[in-house]
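Q: I would like to learn how to read a protein model feature by feature. Could you walk me through one?

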Amino acid sequence: MSGSLALHVPDLVGIFVFGITGALVGVRKRLDVFGILVLALVTGLGGGFIRDVLIGDTPPAALQDWRYLVVPVIAGLITFFLHPGIGRVERLVNIFDAAGLALFCVTGAQKAIEHGLSPLSAALLGTISGIGGGVIRDVLSGRVPVVLRSEIYATPAFLGAGIVVVAAALEYDATWVPIVAAVTCFGIRLLAIRRGWNAPLPRNP
């Protein structure tokens with residue numbers, strides 16, 4: 001792998017948990033094992049593909065290292081064989097999706113900073129890294145992407161990426177910064193789901 005181990009490990013963990021969300025959506029949609037694995041792959045790798053292409057780090061990491069392809073496949077197979085009852089799938093999708101969102105917004109922002117992007121651009125790329133795989137997953141599974149609904153989704157990712165970016169701008173390199181950023185994103189996303197927080201909607205005419 002290129003780059004630091006500290007960046008690649010969270011990246012692979014994010015791919016794994018996002019792969020689980022894609023597979024769980026496939027289970028809920030009653031797809032066969034191939035369909036479930038496809039959703040696991042695109043969900044786990046979609047955000048990273050978009051991130052790497054936008055910063056010019058090509059070919060994307062998933063095409064340079066076999067582990068990036070194997071991890072979501074393993075996640076999909078584990079989910080296929082060990083998934084719980086269908087009635088609990090949606091709750092698990094939300095939890096794992098929030099975890100993947102948190103990990104990817106942090107690693108996306110970190111990689112953007114490593115490639116010399118401005119603070120605002122790095123925060124935006126971190127956000128895109130977090131939401132990209134979920135958007136592809138939802139489109140392929142026939143769902144309106146979460147980020148396009150009224151739910152609070154992109155905002156936690158932007159806040160998490162923003163913490164990483166601000167710390168980097170202040171040249172504050174502490175190991176707890178990405179942890180706090182990920183926990184912030186994860187916590188806000190789960191609170192938004194639990195409390196039904198929504199972005200403003202247009203008023204009825």
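Q: Let's begin with contacts: among those between residues at least 6 apart in sequence, what percentage join residues at least 24 apart?
A: The idea is to ask how far along the chain the partners of a contact lie. In this predicted model, the share is 75% of the contacts between residues at least 6 apart.

Q: How many helices and how many strands does the protein have?
A: Start from the list of elements and read it from the N terminus. Here there are eight helices and zero strands, so the order is simply α-α-α-α-α-α-α-α. The radius of gyration is 16 Å, close to the 17 Å from the globule rule for 205 residues, so the protein is as compact as a globular protein of that length. Along the principal axes, the C-alpha trace covers about 50 × 50 × 30 Å.

Q: What percentage of the residues count as buried, and what supplies the exposed area?
A: Take the two views together, one by residue and one by atom. Of the 205 residues, 45% count as buried. The protein exposes about 10200 Å², and carbon and sulfur atoms supply 68% of that area.

Q: How far apart are the mean positions of the positive and negative charges?
A: Average the places of each kind of charge, then take the distance between the two means. For the 15 positive and 12 negative charges here, that distance is 14 Å.

Q: Now a single residue: is Thr 21 buried or exposed?
A: For one residue, combine its element, its accessibility and its neighbours. Thr 21 sits in helix 1, which covers residues 5-28. Its relative accessibility is 0%, under the 20% cut-off, so Thr 21 counts as buried.

Q: Which residues does Thr 21 touch, leaving out those up to four places away in sequence?
A: They are Thr 43, Val 93, Phe 96, Asp 97 and Arg 137. There is also a polar contact to look at: the Thr 21 side chain reaches the backbone oxygen of Phe 18 at 2.7 Å.

Q: What separates the C-alpha atoms of His 8 and Gln 64?
A: Here you set the separation along the chain beside the distance in space. These two residues are 56 apart along the chain, and their C-alpha atoms are separated by 13 Å. His 8 is another residue of helix 1, and it counts as buried at 7% relative accessibility.

Q: Where is Val 164 found, and which residues does it touch?
A: Val 164 belongs to helix 7, residues 154-169, and counts as buried at 6% relative accessibility. Leaving out residues up to four places away in sequence, Val 164 touches Val 106, Ala 109, Gln 110, Ile 113, Val 177, Pro 178 and Ala 181. For Gln 110, which is 54 residues from Val 164 along the chain, the C-alpha separation is 7.0 Å.

Q: What should I look for in the backbone angles?
A: Most peptide bonds are trans, and most residues other than glycine have a negative phi. Look for departures from that pattern. A cis peptide bond joins Thr 58 and Pro 59, with omega about -5°. Pro 59 is in the loop between helix 2 (33-54) and helix 3 (61-64).

Q: What is the phi of Arg 30, and what is that of Glu 171?
A: Arg 30 has a positive phi of about 60° although it is not a glycine. Glu 171, also not a glycine, has a positive phi of about 55°. Arg 30 lies in the loop between helix 1 and helix 2 and counts as exposed at 69% relative accessibility. Glu 171 lies in the loop between helix 7 and helix 8 (176-195), and is exposed with a relative accessible area of 73%.

Methods: Residues are numbered from 1 along each chain as its sequence is written. This is a predicted model: local features need pLDDT of at least 70, side-chain atom pairs count only at pLDDT 80 or more; totals for chains, interfaces and linings use all residues. Side-chain values use heavy atoms; hydrogens and water are left out. Helices (H or I, at least four residues) and strands (E, at least two) are DSSP runs, numbered from the N terminus. The radius of gyration is taken over C-alpha atoms; the globule rule is 2.2 Å times the number of residues to the power 0.38. Buried means under 20% relative accessible area, exposed over 50%, partly exposed in between (1.4 Å probe, protein chains only). Contact means heavy atoms within 4.5 Å. Accessible areas come from the Shrake-Rupley method with a 1.4 Å probe; for residues, only the protein chains shown count as cover. Lys and Arg count as positive and Asp and Glu as negative; His and the chain ends are not counted. The place of a charge is taken as NZ of Lys, CZ of Arg, CG of Asp or CD of Glu. A polar contact is a pair of N or O atoms within 3.5 Å; within protein, one must be able to donate a hydrogen and the other to accept it, and residues adjacent in sequence count only if both atoms are side-chain atoms.
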